[in-house]
Amino acid sequence: MEENKNTLMTQTISNTYTSISAKTMEEKKKLYNALEQCDVLLNDCEDAEIELKDFYVAKYEKLDEKTGELKTKYRTIIFDESGKSYATGSYGIFNSLRKIVTTFGEPASWTDTLKVKVVKKSIGNGKTSLTLMVL
């Protein structure tokens, strides 16, 4: 079987990113299990400070039931230095991580964890969004 061939089972690889380099079977199991069941919902962590070590993002399409349009969504899982996982579907968190990578590089290039604070900010019309502030 060709290594980079898109198949039914591999085509979503282009829609995911992880900073975790899971090489051993144990590391792969830990990553897989975090993707199946996270420790904490990030939405419940307003004002929490997290030592950001790694993250995983999956891009997917979801049908907007009101408009009938397909909307792009992002499932994001943040991992702290102890391996605890925090999950969210917040675009604000995805966008914060993009800015973090642009500014600080990918986590593999960091010499230490990056301390972040989970912040809920107003985005107008009474709506809020999660974001990360670097401490």
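This report describes the fold, strand pairing, helix α2, cores and selected residues of one chain.

**Basis.** This is a predicted model, in which local features need pLDDT of at least 70 and side-chain atom pairs count only at pLDDT 80 or more, while totals for chains, interfaces and linings use all residues. Residues are numbered from 1 along each chain as its sequence is written, and side-chain values use heavy atoms, with hydrogens and water left out.

**Overall fold.** The chain holds two helices and seven strands. Their order from the N terminus is β-α-β-β-β-β-α-β-β. Helices (H or I, at least four residues) and strands (E, at least two) are DSSP runs, numbered from the N terminus. Of the 135 residues, 33% count as buried. Buried means under 20% relative accessible area, exposed over 50%, and partly exposed in between (1.4 Å probe, protein chains only). The accessible surface comes to about 9,400 Å², and carbon and sulfur atoms hold 48% of it. These areas come from the Shrake-Rupley method with a 1.4 Å probe; for residues, only the protein chains shown count as cover. Contact means heavy atoms within 4.5 Å. Among contacts between residues at least 6 apart in sequence, 55% join residues at least 24 apart.

**Strand pairing.** Two strands pair if DSSP finds at least two bridges between them. Strand β3 (residues 49-63) runs antiparallel to strand β6 (residues 114-124), and four bridges join them. Leu52 stands opposite Leu114 in β6. Strand β6 also pairs with strand β7 (residues 127-134), again antiparallel, over eight bridges. Here Lys120 has Leu130 in β7 as its bridge partner. Two residues lie between the strands of the β6 and β7 hairpin.

**Positive phi.** Most residues other than glycine have a negative phi. Asp47 and Asn125 are listed below with their values. Neither Asp47 nor Asn125 is a glycine.

| Residue | Phi | Loop | Relative accessible area |
|---|---|---|---|
| Asp47 | about 75° | between β2 (40-41) and β3 | 48%, partly exposed |
| Asn125 | about 55° | between β6 and β7 | 80%, exposed |

A glycine also takes a positive phi: Gly105, just after α2, at about 90°.

**Helix α2.** This helix covers residues 91-104, and its 14 residues should span 20 Å at 1.5 Å a residue. The expected span is 1.5 Å times one less than the number of residues. The end C-alpha atoms of α2 are 20 Å apart, which agrees. Its buried residues are Gly92, Ile93, Phe94, Asn95, Ser96, Leu97 and Ile100. They pack against β3, β4 (70-80), β5 (85-88), β6 and β7.

Ser90 sits in the loop between β5 and α2. At the start of α2, a side-chain oxygen of Ser90 comes within 3.2 Å of the backbone nitrogen of Gly92. Ser90 counts as buried because its relative accessibility is 13%. Leaving out residues up to four places away in sequence, Ser90 touches Tyr74, Ser129 and Leu130.

**Cores.** A nonpolar core is a set of buried Ala, Val, Leu, Ile, Met, Phe, Trp, Tyr and Cys residues joined through side-chain atoms within 4.5 Å. The largest one has 19 residues, and those with the most contacts inside it are Leu42, Leu52, Ile78, Leu97, Ile100 and Leu132. Strands β3, β4, β6 and β7 and helix α2 each give two or more residues to this core. Apart from it lies another core of ten residues, among them Ala22, Ala34, Tyr56 and Ala87.

What does Leu52 contact beyond its neighbours within four places in sequence? The partners are Ile78, Phe79, Leu97, Ile100, Trp110, Thr113, Leu114 and Val116.

**Asp80.** This residue lies in strand β4. Asp80 counts as buried because its relative accessible area is 11%. A polar atom of the Asp80 side chain lies 2.9 Å from the backbone nitrogen of Lys84. A polar contact is a pair of N or O atoms within 3.5 Å; within protein, one must be able to donate a hydrogen and the other to accept it, and residues adjacent in sequence count only if both atoms are side-chain atoms. Asp80 and Lys53 are 27 residues apart in sequence, yet 5.1 Å apart in space, C-alpha to C-alpha. Beyond neighbours within four places in sequence, Asp80 is in contact with Ile50, Glu51, Lys53 and Tyr86.
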